[in-house]
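Please open the structure in a viewer and keep the selection tool at hand. The tour below proceeds stop by stop, stating what to select and what is found there.

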Amino acid sequence: MEAESAIEPAHRSPSERLYAGVRTRILHGDFGPGAALKPRELADAEGVSLAVAREALLRLVGEGLAVRLHNRGFVVPSMDADRWQKIAEARIATEPAMLRLSMARGDIDWEARVHAAHYRLRRTPVWTEGGPFYSDEWSEAHRQFHRCLLEACANDILLDLFDRMWVASELARRWSTSAMPRGVPLRSVQPRDGVAEHAALEAAVLARDADRAVDLLVQHLTLTAESLRAGHGASNG
């Protein structure tokens, strides 16, 4: 899944612009859990055809950011604790196996990409400027680092599954932070050292210590699941 910022807005098609705009609004909570996504309203607001709006919404369905209901249009996925727990279990069941494959198949170029992705993550500001929540830039660097760890598995089916699970986890992370009491910054409830966790993961991967890398990833994902279950959103997984 490519970062939306990779395509300059001026060069995007109408469908791409609508997709990117609605995607951002979902991730930022403007369209909350269970909110209706009405093609006609979106088309009119953006000055595009109904067909373009439907195309954009179907793309969001494919990404897991929208659900198409039979004869009822499109909605944002509901915030169901059981759903997020199942996603966490799925990540813990699949990503360690993908990491083992990646470490077995990855070459020196892959190692260089892992190092570069971690460097970018480490150097990207975590927080919004003057704000208490994760920045979009850090969230994207975070996604790229985790995906880079797994991409040398060379299995498109598994990587597509990772992409969908990551989007679902990102929704849970962002919605859980938006549900915090007003005036309580995320910084003040951060219970874990995500920087150290990511650094340890990189070190184990580059040392080709598969058992340690897998153990660290399982711990990392378990902490993420626990933090999302607690509802405060202090998640770095």
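Begin by selecting Ser139, which is buried, with a relative accessible area of 6%; buried means under 20% relative accessible area, exposed over 50%, and partly exposed in between, with a 1.4 Å probe and protein chains only. The model is predicted, so local features need pLDDT of at least 70 and side-chain atom pairs count only at pLDDT 80 or more, while totals for chains, interfaces and linings use all residues. Residues are numbered from 1 along each chain as its sequence is written, and side-chain values use heavy atoms, with hydrogens and water left out.

Ser139 belongs to helix H6, residues 136-151. Helices (H or I, at least four residues) and strands (E, at least two) are DSSP runs, numbered from the N terminus. Select next the partners of Ser139: leaving aside neighbours within four places in sequence, Ser139 is in contact with Tyr134, Glu170 and Arg174, where contact means heavy atoms within 4.5 Å. Add Leu121 to the selection; Ser139 and Leu121 lie 18 residues apart in sequence and 8.8 Å apart in space, C-alpha to C-alpha.

Leu121 leads to the next stop, since this residue of H5 takes part in the meeting of H5 with H8. Select helix H5 (residues 108-123) and helix H8 (residues 194-206), whose axes come within 10 Å and cross at roughly 170°. Axes are lines fitted to C-alpha atoms, for helices over the stretch in contact, and angles run from 0 to 180 degrees between N-to-C directions. H5 and H8 are therefore roughly antiparallel to each other; that term covers angles over 145 degrees, whereas angles under 35 count as roughly parallel, 65 to 115 as roughly perpendicular and the rest as oblique. On the H5 side, show Trp110, Glu111, Val114, His115, His118 and Leu121; on the H8 side, show His198, Ala199, Glu202, Val205 and Leu206. The residues of this contact divide into six nonpolar, three polar and two charged. Here Ala, Val, Leu, Ile, Met, Phe, Trp, Tyr, Cys and Pro count as nonpolar, Asp, Glu, Lys and Arg as charged, and the others, Gly among them, as polar.

Move now to helix H3, residues 50-63. The 14 residues of H3 should span 20 Å at 1.5 Å a residue, and the end C-alpha atoms are 20 Å apart, which agrees; the expected span is 1.5 Å times one less than the number of residues. Colour Val52, Ala53, Ala56, Leu57, Leu60 and Glu63, the buried residues of H3. Seen down the axis of H3, these residues fall within an arc of 130°, so they line one face of the helix; the arc is that of the directions from the helix axis to the C-beta atoms. Just after H3, Gly64 takes a positive phi of about 90°.

Two further residues deserve selection for their backbone. Ala154 has a positive phi of about 60° although it is not a glycine; this residue lies in the loop between H6 and helix H7 (156-178) and is exposed, with a relative accessible area of 61%. Arg208, also not a glycine, has a positive phi near 60°. Arg208 lies in the loop between H8 and helix H9 (210-230) and counts as partly exposed at 33% relative accessibility.

Finally, display the whole protein, which has nine helices and three strands. Of its 237 residues, 46% count as buried.
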